[in-house]
Amino acid sequence: MQRQHARAGPEEALPLVRWSSRTPGIVSSTSPDAPSARLCPLLARAALAARQRCEHSKRAPGPSPLPLSGLSSSESLVDAISTASTTAALAEALREVEQWQWTSDQEAGMKRCKMYVPEQPALAAFYVSSVNEWKLLQPRVLVLTPSSYFRVKYDQKSGKVEHYRKTPLRDVLSLEKTADGLKIYLRGQDGRAGPQKWYQRLERKVAQISTGSKDNAFSGRVKDEFYYAREYRPSLPAGAPLSADQVTDVLAAALHKTAELHRDSLPADGAPFEPPPVLTTDERRQILHDRKAAARAEEERAEREAAEAELRHAVEVASASRELEPKTSSQINSAVLSRPIKRARRAVEADASLISRAEQLKAELEEEHRVRVEAERLERERAEREAATAELEA
């Protein structure tokens with residue numbers, strides 16, 4: 001024991017350390033004279049260093065978060081962005097983002113990325129986590145320019161930009177504020193397709209092979225304006241005065257306003273486009289629900305009209321044939337009415353009076369057929385009986 005303390009050098013006052021039996025995971029100290037003590041110099045040094053760090057943190061608390069310059073909340077910054085009438089006014093409003101308490105590496109990375117992108121001026125830069133096709137978070141810098149935004153990969157260790165991807169604002173269809181960040185819906189695929197889209201492509205290919213057609217009819221998801229998406233989650237600075245939800249509001253407002261100013265700056269004879277609306281997840285789901293309900297109602301209307309037209313035609317044909325050839329048409333017309341009646345019953349809100357009239361006609365035809373068959377049977381029996389009687393008398 002003494003040799004270990006001597007080897008420790010100037011730290012001869014290090015306490016002996018053992019694990020507390022009453023509180024697992026807590027280290028307690030004891031004197032060298034305690035019979036149950038087990039000396040561990042490395043563990044003792046670690047405990048002493050941890051206690052010193054704790055005392056130092058109590059003596060020197062960290063800096064408090066810096067407030068926004070002249071802004072008390074995210075609503076003020078969003079209002080300043082929304083009311084900007086020119087690109088210069090928007091850039092002035094977004095200058096508040098640079099005054100957040102970014103680290104020195106983050107601030108240097110933002111400046112480097114804003115200078116690196118080929119389109120100038122760069123209005124603002126945001127540190128974000130990009131969700132790739134494998135649902136993994138990738139640290140990126142979003143740089144916003146008057147006509148596009150750039151997703152830049154910046155290496156803080158080397159201070160270099162590795163690569164970037166440009167997305168024109170006219171390719172942005174809508175912005176969705178999610179529970180974790182902002183999802184941007186685009187006209188085409190941004191980056192590589194993920195496993196979900198691979199499965200949908202395979203499902204479409206199998207459907208084409210099985211049906212022998214080259215159409216896109218399959219049971220997977222339809223390519224609507226919410227098909228291609230890229231999600232970004234804000235990476236807040238160390239002392240950010242805003243929450244992640246508030247930073248998402250600022251980013252969405254900046255993208256929408258920049259697209260609106262870009263649309264207004266285009267010539268009148270150019271290809272028009274609409275600024276992307278800012279939605280919530282519930283609003284997007286409601287849009288898809290209403291669209292699906294409208295499509296279902298349209299299908300029901302088309303099927304109802306087709307079923308009623310088919311049933312009317314069958315009734316007309318059966319009535320005309322019944323009058324012309326009453327002896328032979330009853331069974332045929334009854335069978336002709338069966339399928340249109342079943343189709344009209346399945347149709348939503350079909351004409352009940354038409355169905356009732358067709359069912360009554362079908363019942364009358366079936367009764368006429370039954371009576372005729374019975375009369376024919378009796379006639380055969382009578383003829384057979386008379387023939388048998390004549391044969392016996394002969």
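**Notes on the fold, the second largest pocket and two buried residues**

1. Of the contacts in the protein with a separation of 6 or more, 59% are between residues 24 or more positions apart (contact means heavy atoms within 4.5 Å). Before you go on: this is a predicted model, where local features need pLDDT of at least 70, side-chain atom pairs count only at pLDDT 80 or more, and totals for chains, interfaces and linings use all residues. Residues are numbered from 1 along each chain as its sequence is written, and side-chain values use heavy atoms, with hydrogens and water left out.

2. Overall picture: the protein has ten helices and ten strands (DSSP runs numbered from the N terminus, helices being H or I with at least four residues and strands E with at least two). Of its 394 residues, 33% are buried (under 20% relative accessible area, with over 50% called exposed and partly exposed in between, using a 1.4 Å probe and protein chains only).

3. Now the second largest pocket, with about 220 Å³ of space. A pocket here is an open set of points on a 1 Å grid over the protein atoms alone, where a 1.4 Å probe fits, with protein on both sides within 12 Å along at least five of seven lines; lining residues have an atom within 4 Å of a point. Grid points are joined across faces, edges and corners, and the volume is the space filled by probe spheres set on the points.

4. What lines it? Twelve residues do, and the closest to the pocket centre are Gln138, Arg140, Arg151, His163 and Arg230. By class, the lining has one nonpolar, five polar and six charged residues (Ala, Val, Leu, Ile, Met, Phe, Trp, Tyr, Cys and Pro count as nonpolar, Asp, Glu, Lys and Arg as charged, and the others, Gly among them, as polar). Strands E4 (137–144) and E6 (160–168) each supply at least two lining residues, and E6 gives the most, with three.

5. Arg230 deserves a look. This residue sits in strand E9 (residues 228–234) and is buried, at 5% relative accessible area. Its side chain reaches the backbone oxygen of Asp190 at 2.8 Å (a polar contact is a pair of N or O atoms within 3.5 Å; within protein, one must be able to donate a hydrogen and the other to accept it, and residues adjacent in sequence count only if both atoms are side-chain atoms). Leaving out residues up to four places away in sequence, Arg230 touches several others, including Ser130, Arg151 and Lys183.

6. On strand pairing (at least two DSSP bridges between two strands): E3 (residues 124–131) and E4 are antiparallel over eight bridges, with Ser130 opposite Gln138. Their hairpin has five residues between the strands, and Lys135 in the turn has a positive phi of about 65°. E4 also pairs with E5 (residues 148–155), antiparallel over four bridges, and Leu142 stands opposite Arg151. Three residues make the hairpin link from E4 to E5.

7. Strand E7 (residues 172–177) pairs with E8 (residues 182–186) in the antiparallel sense over five bridges, and with E10 (residues 278–280) in parallel over three. Glu176 appears in both pairings: its partner in E8 is Lys183, and in E10 it stands opposite Leu279.

8. Finally, Ala347 lies in the loop between helices H9 (329–346) and H10 (352–393). Buried or exposed? Ala347 is buried, with a relative accessible area of 9%. The C-alpha atoms of Ala347 and Arg304 are separated by 5.1 Å, although these residues are 43 residues apart along the chain.
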